[in-house]
Every structure is written in structure tokens, then in C-alpha cells.
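User: I am new to this structure and would like to go through a few of its parts step by step. Could you take my questions in turn?

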Amino acid sequence: MERPGPSGVTGSDASGPDPQLAVTMGFTGFGKKARTFDLEAMFEQTRRTAVERSRKTLEAREKEEEMNREKELRRQSEDLEPTSSSSNVARDCSKSSSRDTSSGESETSSESSDDELIGPPLPLKMAEEPVNHMEEDILGPLPPPLGEDVEDDDDDDDDDSEEEENPVQKIPDSHEITLKHGTKTVSALGLDPSGARLVTGGYDYDVKFWDFAGMDASFKAFRSLQPCECHQIKSLQYSNTGDMILVVSGSSQAKVIDRDGFEVMECIKGDQYIVDMANTKGHTAMLHTGSWHPKIKGEFVTCSNDATVRTWEVENPKKQKSVFKPRTMQGKKVIPTTCTYSRDGNLIAAACQNGSIQIWDRNLTSVVRCLWHPKLNQIMVGTGNGLAKVYYDPNKSQRGAKLCVVKTQRKAKQAETLTQDYIITPHALPMFREPRQRSTRKQLEKDRLDPLKSHKPEPPVAGPGRGGRVGTHGGTLSSYIVKNIALDKTDDSNPREAILRHAKAAEDNPYWVSPAYSKTQPKTMFAQVESDDEEAKNEPEWKKRKI
């Protein structure tokens, strides 16, 4: 199996051009050395050839007209000859008795009648030329001289042929109009298929729309926009249907807009940190140009500085459809500068910076695995798009794929079951019926009888509250706490007196501390206590003040 390489030439056709490729592209000469042409010399040669052909055609036409004229004169002379001969015979019948004598006299009389012409003198050129006796018997005005007319016709025909065959004179450049796009270079032009609208783009980032039928003598664009922000416009092209425009700018993302300039889709940007550009979802470097598919609506191709050519679909802007990577003869990367489809749309061609033109099959897939079987003599190929293909030859291969391709496709057996169809209308059943609208008065009367709907709201609580309800001073828990608990209850009593108040009860009935130390605590021995009056006297002054 031979697959086309980057240049579209298979291994078996390396010695000569591919005839199928020549038929597809519409011209031949692949693989040959380029020739140089002198356009001026070609134009001059073309003009001389046209003049020579015109001269030969005019000569043949003149000869044909002259022969027709001679035939007409001969026919008229034959029509007049019987009349003249009969008159001569009647006039000379009395002078001659034999046929020979009368014929001789008739010839003599005809010669004498030719010498005696009646009428205006002949023109100068007619007088100088030898007299044609057959033309003397023609009635009517004399024909014009042939020489002058032929020369004039030759000159006119030569001028017309030169004007028709000179390609420079076919250029429609006699008049012009000027459309003011901006102050910078106009780098992109596009016409819709009908020729009614022109779109221009330039280095000033603007894209302007021109409607020939809607413009007046001011020649102003009816819309101006910047679809790619601060990127220069590289290419603009209308689709085959004229409803979309492909915008290729200096960015890595191509855009598609409609006839009025509104965005339809924007291609996704690829990951520039991935080494293999086939594994990214889009371009990672500046774009160069783009082109629509000639037959499939919504498909286009773009090429970029990342050394890839990618095909896209308008319905799927998140990932390209396929990726092609141009390569040199040594297998190195090369940047494509322009790309396009073939006439039938099956091939994609790209012109690269190294001067090469590389062509790929649009439906070509990155073969992953390949297998050949010696007995079958067939090749099995696994591709990256989820397909497995089998290549075989009807004459050289054995069995394998040949066994199944000759069989017709089996029809799926459908189980025939008899089922009864039911037609169910939702509003036919009572549970799905919507209640009819009744009067408002009856509904209010019905609600008044309902104890829940007619329950009277409870009045606000007056006082401290009851039944779990808070009083009127607050409706929240915090307000209740503030009101009942967090009040200012200041105790001005002596803390010592408050503690000694329970000393008698603790001594009579020890419960907390004394029982715990009853076994280990020694017997208490108190010093003799003086009277309270003496003790008060011996206390220092600061204690007295504190007490």
C-alpha cells in the first residue's frame, strides 16, 4: 500500500507526475523545472498570429465573393444572350441564306454594337482596365471598384483583430472610484458571490462593509467594526452561500461573522506548551490565511506560524477537525504561508516558506498500527480516528475481506407483536379534571365555616405574660431575660456576717468538711479568748476603720 506523502506523490510515481493529481487540479507539469516567460514577446507573438489568421480569413472571403460575383454575372449574361441573338438573326435573315453566313454576320454586328456605347463615360480606373464584354450587357448602376473596398476592409479588420487579441486592452481600467478605508494598508479584500457587497480589512484592525447598491456618490461604508481587537487583518473571504465571512487576523484564533458583522464562532486557542502540535485543540501562533471549502457548507481551513494546517467546522469551534503538519525533505518543520482547497474539495494544498507546495488528502488519517497476513495477502490498518481499514486486491488476495463483501446485508428481524393502542385524554378522567370556577361569595362562606381558616387572631398579652407567651414589653427571649433576670439586685450586707450566720448549724450538724477529717484531725485546742471589749481595744486603727 502506498500513501501520498506531504507533496502528494506516491512511491511508485516518484519518477513522473501523477496523472490523477493533474486531472484533479486542472493543470499539469508537476515535478518539472519552472520556466521563465517573456510576457511582451508572448503578447507580440499572439498579435502577429491573430493578424495572420485574420488576413488569411479575409483573403478566403474575398475569393469566395469574387467567385460568387462571377457566377452571378455569368448567369445574367446567359439570360440576356438568347434575346440578343434572336434580334440579330431577324435583322440579318434577308442578307444571308445559309446558317454559317448568318452567324458570321451576327458576330460582326455584335462587335460593332459594342464599339458604339451610349451613356456617360466610364470611370478612370474602369477605362484603364480591359473591357469585359460580359459586364456591358448588365443593366443598372456599375459596381464600385473592388480594390479600394478590400484595402479598407483589411485595415478595419486588422484593427479589430488587434483590439480583440491584445489582452492588455481587455483590462477594465478606463474609470475608477476611491473607497476610503483608512490611513493604513488595506491587506484583505472579499466579495460576496453575487458581487453586491465588498468587505475590506487592513492594518488599522478595522473591517468595513461596502454595499454598491446602497452607496451614493460619497462612497461611504455602511458598517465598520474591529472583530479581532488589536490584531491586523490578514484575510477576508465570503462563504459560497454568502451568509458568512471568514476573518483571519494576526492572532491565533480565526473568526466567522455573518453578513452584518455579528460574530458566529471563534476558533479555540491551542496549548503552546505541548510539543506535538497535533495534540492541541487549535493554533498556537499567528495565522496567515484561510479558505472556505468549495462544496461543504461550514468547513474551512487555516494555516499558522505553528507549522500546522487545520480544518474547522462552524458548528464545533472548541476543537479542529483535522491537523496537517508540513515537513521538509529532511523531516523538519516548515511554516505554511497560504492554503486552499482543490476544485472538488478532496485535496488541501499549502505553500511553505521553503518554496515547496505540499498537498494532502482531506480525508487522510495518522496511521497507528499496520498488519499484513501472508496467506490472506491483505493489509489491516488501525487509524487514529477510531476506524480499522482492510486493503485487499480482488485478484491477488485470498479469503478474508473477500468473503464478506460479496454478501448482502442482513435485515434485522423485527418481532411482530399485536398490541392494542389506547388513547388516553388527560381531562377525560375525574382525577385530572380541573375544578370549575365558582363565585367568590360562596367560597368565602365556605371558609367562614372552617375553624382553622376563620380563627380569630389572639390579642397581645397585657401584663407579665401567660401560657408561654411573653408580655407586652418584649416579644423576644432576650427582652424577657433582660426584664426578669438581669435586674439590678445590689446586696449591701456584710459578707462575713452572712457566712457566720450558718456557723451554728455547721457545728451542730457537720456534713461537708468535718466528717472527712474526723479520723485524722487532732483534737482542737483553742486558746483562751479574751473578752470582746479587750480584743477590740488591742486591734489596730486600720482594722477598726475597715470594720
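The questions and answers below deal with a predicted model.

User: Which strand is the bridge partner of strand 16 in the open sheet, and in which direction do the two run?

Analyst: The sheet is open and consists of three strands in the order 16-17-18, with antiparallel pairing. Its edge strands, each pairing on one side only, are strand 16 (369-373) and strand 18 (388-391). Five bridges join strand 16 to strand 17, residues 378-382, and the two run antiparallel.

User: Which residue of strand 17 is the bridge partner of Trp372?

Analyst: Strand 17 covers residues 378-382 and is joined to strand 16 by five bridges. Within strand 17, the residue that partners Trp372 in a bridge is Ile379.

User: Is Val168 buried, partly exposed or exposed?

Analyst: Val168 lies in the loop between helix 5 (146-165) and strand 1 (186-191), and belongs to a nonpolar surface patch together with Leu39, Met42, Phe43 and Ile171. Buried means under 20% relative accessible area and exposed means over 50%. Because the relative accessibility of Val168 is 48%, this residue counts as partly exposed.

User: Ser251 has a polar contact between side chains; which residue is the partner?

Analyst: Ser251 sits in the loop between strand 6 (244-249) and strand 7 (255-258). With a relative accessible area of 13%, Ser251 is buried. The contact joining its side chain to that of the partner spans 3.0 Å, and the partner is Ser249.

Terms used
Residues numbered from 1 in each chain as written. Predicted model: local features only at pLDDT ≥ 70, side-chain atom pairs only at ≥ 80, totals over all residues. Heavy atoms only, no water. Pairing = 2+ DSSP bridges. Helix = DSSP H or I, 4+ residues; strand = E, 2+ residues; numbered from the N terminus. Patch = residues over 30% accessible without salt bridge, like charges linked within 9 Å, V, L, I, M, F, W, Y side chains within 5 Å. Areas by Shrake-Rupley, 256 points an atom, 1.4 Å probe, with all protein chains shown as cover. Salt bridge = Lys/Arg side-chain N within 4 Å of Asp/Glu carboxyl O. Buried < 20%, exposed > 50% of the residue type's maximum accessible area, 1.4 Å probe, protein only. Polar contact = N/O pair within 3.5 Å; in protein donor to acceptor, adjacent residues only side chain to side chain.
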